[in-house]
Amino acid sequence: MSSLPAFQLRPILAADHAAVLAWNAEHVELLSPLDADGLRELLALADQGLVISHNGADIGFVITFAAGSAYQSPNFRWFSARRDAFGYLDRIVVEPAVRRAGIATRVYDALEERARDLGPVMCLEVNLEPPNDASLAFHARRGYVEVGRQEAHGHVVALLEKDLTA
Ligand SMILES: CC(C)(COP(=O)(O)OP(=O)(O)OC[C@H]1O[C@@H](n2cnc3c(N)ncnc32)[C@H](O)[C@@H]1OP(=O)(O)O)[C@@H](O)C(=O)NCCC(=O)NCCS
């Protein structure tokens, strides 16, 4: 029997937009700015936009893209210029109160399963200057490796990827 916490992923609906914008605003220095129009545009181009629930409460969100999307993020374009096929995680937030409980681990298990069909590589970026230590530790532990760096949204980011066939 698993000791991991109960969690659920469901599509972001219009009724969730205010919560998603609030989660993004609370972590904007780790993600990138997002307003209501931007969220609608993001979701129209995304592969998946999901609310993360834990024990019945909504505790975060995640948005992913697939290769070939018209998404103009400089980090997504960085991978698009180098790979024909990949899954891309644009942003994730797990609320502080439920961190270090294995929630993001469960979310990534599901997302990487899907990216296996899209890639089979999962790509993303993490702030390096200033460093997002929690995210860097999380991704290192999961086997993500740095394949490049660039400046975007006023930060130096590490471009990370994970070969899902390994
Ligand atoms: C990064 C984030 C999604 C991780 O979510 P989480 O649910 O707490 O992660 P998990 O509980 O599944 O962590 C799994 C492992 O990753 C590592 N890890 C996660 N957070 C860590 C931290 N703050 N410091 C060191 N290691 C950490 C640990 O090895 C952890 O295992 P352990 O708790 O058994 O030691 C969460 O911290 C978050 O939402 N941060 C704010 C937004 C953000 O930075 N998003 C990513 C942008 S790239």
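Helix α2 (residues 36-45) lies across three strands: β2 (48-54), β3 (57-66) and β4 (87-94). Its direction makes an angle of about 55° with β3. Axes here are lines fitted to C-alpha atoms, for helices over the stretch in contact, and angles run from 0 to 180 degrees between N-to-C directions. Contact means heavy atoms within 4.5 Å. Helices (H or I, at least four residues) and strands (E, at least two) are DSSP runs, numbered from the N terminus.

This is a predicted model, in which local features need pLDDT of at least 70 and side-chain atom pairs count only at pLDDT 80 or more, while totals for chains, interfaces and linings use all residues. Residues are numbered from 1 along each chain as its sequence is written, and side-chain values use heavy atoms, with hydrogens and water left out.

Now look at the sheet. It is open and has 7 strands, in the order β1-β2-β3-β4-β5-β7-β6. The pairing is mixed. Two strands pair if DSSP finds at least two bridges between them. The edges belong to β1 (7-11) and β6 (145-152). Each has a single partner strand, so one side of each lacks a neighbour in the sheet. From one strand to the next, the twist averages 30°.

Take the β6 edge. Its partner is β7 (residues 155-163), and 7 bridges join the two. They run antiparallel. One bridge pairs Q150 with V157 of β7.

A second helix to follow is α4 (residues 103-118). It lies across β1, β2, β3, β4, β5 (121-129) and β7, and runs at about 165° to β4. Its 16 residues reach 23 Å from first C-alpha to last. That is close to the expected 22 Å, at 1.5 Å a residue; the expected span is 1.5 Å times one less than the number of residues.

Which residues of α4 are buried? They are I103, A104, V107, Y108, L111, E112 and A115. Buried means under 20% relative accessible area, exposed over 50%, and partly exposed in between (1.4 Å probe, protein chains only). Seen down the axis of α4, the buried residues fall within an arc of 135°, so they line one face of the helix. The arc is that of the directions from the helix axis to the C-beta atoms.

Next, the cores. A nonpolar core is a set of buried Ala, Val, Leu, Ile, Met, Phe, Trp, Tyr and Cys residues joined through side-chain atoms within 4.5 Å. The largest has 24 residues, and those with the most contacts inside it are F61, I63, F65, F79 and Y88. Two or more residues come from each of α1 (17-26), α2, β3, α3 (74-80), β4, β5 and β7. Apart from this core lies another, of 22 residues, including V62, I103, V126 and V156. Y88 is worth a closer look. Leaving aside neighbours within four places in sequence, its contacts include I63, F65, Y71, F79, M122 and L124.

Finally, the loops. Most residues other than glycine have a negative phi, and most peptide bonds are trans. N55, in the loop between β2 and β3, has a positive phi near 50°. It counts as exposed, at 58% relative accessibility. R100, in the loop between β4 and α4, has a positive phi near 60°. R100 is exposed too, with a relative accessible area of 87%.

Two peptide bonds are cis. One runs from G119 to P120, with omega near 10°. P120 sits in the loop between α4 and β5. The other joins E129 and P130, with omega about 0°. P130 lies in the loop between β5 and α5 (133-141).
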